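The following exercises concern salt bridges, burial and strand pairing in one protein chain. Please study the sequence and the structure shown here before working through each solution.

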Amino acid sequence: VQIKPPIHVSRKEMSRLLRKLLNVGAVTLLYNGGVHHYAEHRMSKMAEIPWLSQECSANDECSAAELTTAELRRSVSLLTGLVENLDDRRSWNRWLPSPPTKTNDALKTPPPGEYTFMYRSYVNFEEAGAMKKALLHIPTWWGFVQTKRGKIIVNPDGNSVTNTENFLLRLRTPVSITWNGRIVKKLGKPHTIEWTSTSMTMGDTVIPSPPASEKLRKIPWEILKVEDGIMGFRRGDIGMLAYATSKN
């Protein structure tokens, strides 16, 4: 058996290699730090936009162009799944509480089907995480990252609904969180979704009633309108949300 002689690396070559590694590490740290601060800054700007009507009455921050539903759909970034443009966010805040332009859709049960998350007027670490994920922020990808936009399914019975969000933990463990609810119809008033149960699936393990989800599900979602396939909600005093079908 022929034994290969050991590879000798000179001190000069080793020093050069170490410098390259240090340079790569420094650039990586600077890039991830820059992405973190950029996303946090963008999130803070989003959070400054008021959405409650009483705040908007004397605040120019609420002035916004009136966009069509097609334009509202196009305002969602394909990269992050967010409405990042601040003026577009103001337009969503204007559109969601406004009366339907076609029929009295606010009093209707949304048609059965699948609705994908489009917008919410409030923001938190999830919005920052979506921007960091799109910019390949390593700590975000190594943590708990959302893999696709949430979906609400209105079942064929027109009454029961599910809301599912999917994540990835440490780049290897799939996690899904599901809320189950029902549409409560109120005579002469907008309908609401009352969430009745939650569960979390982590890998092959199903965890019923995770505490964080159970706390959040207690707030009903008031259906503000259903127009051109976009379903708008008001989540108590927290904010407004919108989900939409894939086609108008």
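Two strands pair if DSSP finds at least two bridges between them. Helices (H or I, at least four residues) and strands (E, at least two) are DSSP runs, numbered from the N terminus. The model is a predicted one, in which local features need pLDDT of at least 70 and side-chain atom pairs count only at pLDDT 80 or more, while totals for chains, interfaces and linings use all residues. Residues are numbered from 1 along each chain as its sequence is written, and side-chain values use heavy atoms, with hydrogens and water left out.

**Exercise 1. Describe how β8 is joined to β7 and to β9.**

Solution.

Step 1. Begin with strand β7 (residues 221–227), which pairs with β8 in the antiparallel sense over five bridges. Within this pairing, V226 has M231 of β8 as its bridge partner.

Step 2. Examine the turn of this hairpin. Two residues lie between β7 and β8, and D228 takes a positive phi near 50 degrees.

Step 3. Proceed to strand β9 (residues 239–244). Six bridges connect β8 and β9, again in an antiparallel pairing, and R235 has G239 of β9 as its bridge partner. Three residues separate the strands of this hairpin, where G236 adopts a positive phi near 55 degrees.

Step 4. Consider burial, defined as under 20% relative accessible area (exposed is over 50%, partly exposed in between; 1.4 Å probe, protein chains only). Strand β8 (residues 230–235) is mostly covered, with five of its six residues buried.

**Exercise 2. Which strands pair with β1?**

Solution.

Step 1. Strand β2 (residues 144–154) runs antiparallel to β1 and is joined to it by four bridges. Here T116 stands opposite K151 of β2.

Step 2. Strand β9 also pairs with β1 in the antiparallel sense, over four bridges. In this case Y119 stands opposite A242 of β9.

Step 3. Strand β1 (residues 113–120) is itself mostly covered: six of its eight residues are buried.

**Exercise 3. Where in the chain do the partners of the salt bridge between E40 and K132 lie?**

Solution.

Step 1. Recall the general principle: side chains of opposite charge can pair when their charged atoms come close. A salt bridge is a side-chain nitrogen of Lys or Arg within 4 Å of a carboxyl oxygen of Asp or Glu.

Step 2. Apply the criterion. The side chains of E40 and K132 form a salt bridge at 3.1 Å, N to O. E40 belongs to helix α1 (residues 11–47) and K132 to helix α5 (residues 125–134), so the pair ties together parts that are 92 residues apart in sequence.

Step 3. Compare the surroundings. E40 is partly exposed, with a relative accessible area of 28%, whereas K132 is buried at 9%.

**Exercise 4. Are R217 and E214 buried or exposed, and how is the pair of R94 and E66 placed?**

Solution.

Step 1. R217 and E214 meet through their side chains in a salt bridge of 3.0 Å, N to O. Both residues are buried.

Step 2. R94 and E66 also meet in a salt bridge, at 3.4 Å, N to O. This pair links distant parts of the chain, 28 residues apart: R94 is in helix α4 (residues 86–95), and E66 is in the loop between α2 (53–56) and α3 (69–74).

Step 3. R94 is partly exposed, with a relative accessible area of 39%, while E66 is exposed, at 63%.

Step 4. Place these pairs in context. The structure holds nine salt bridges, and R120, E126 and E127 are linked in a network of such bridges.
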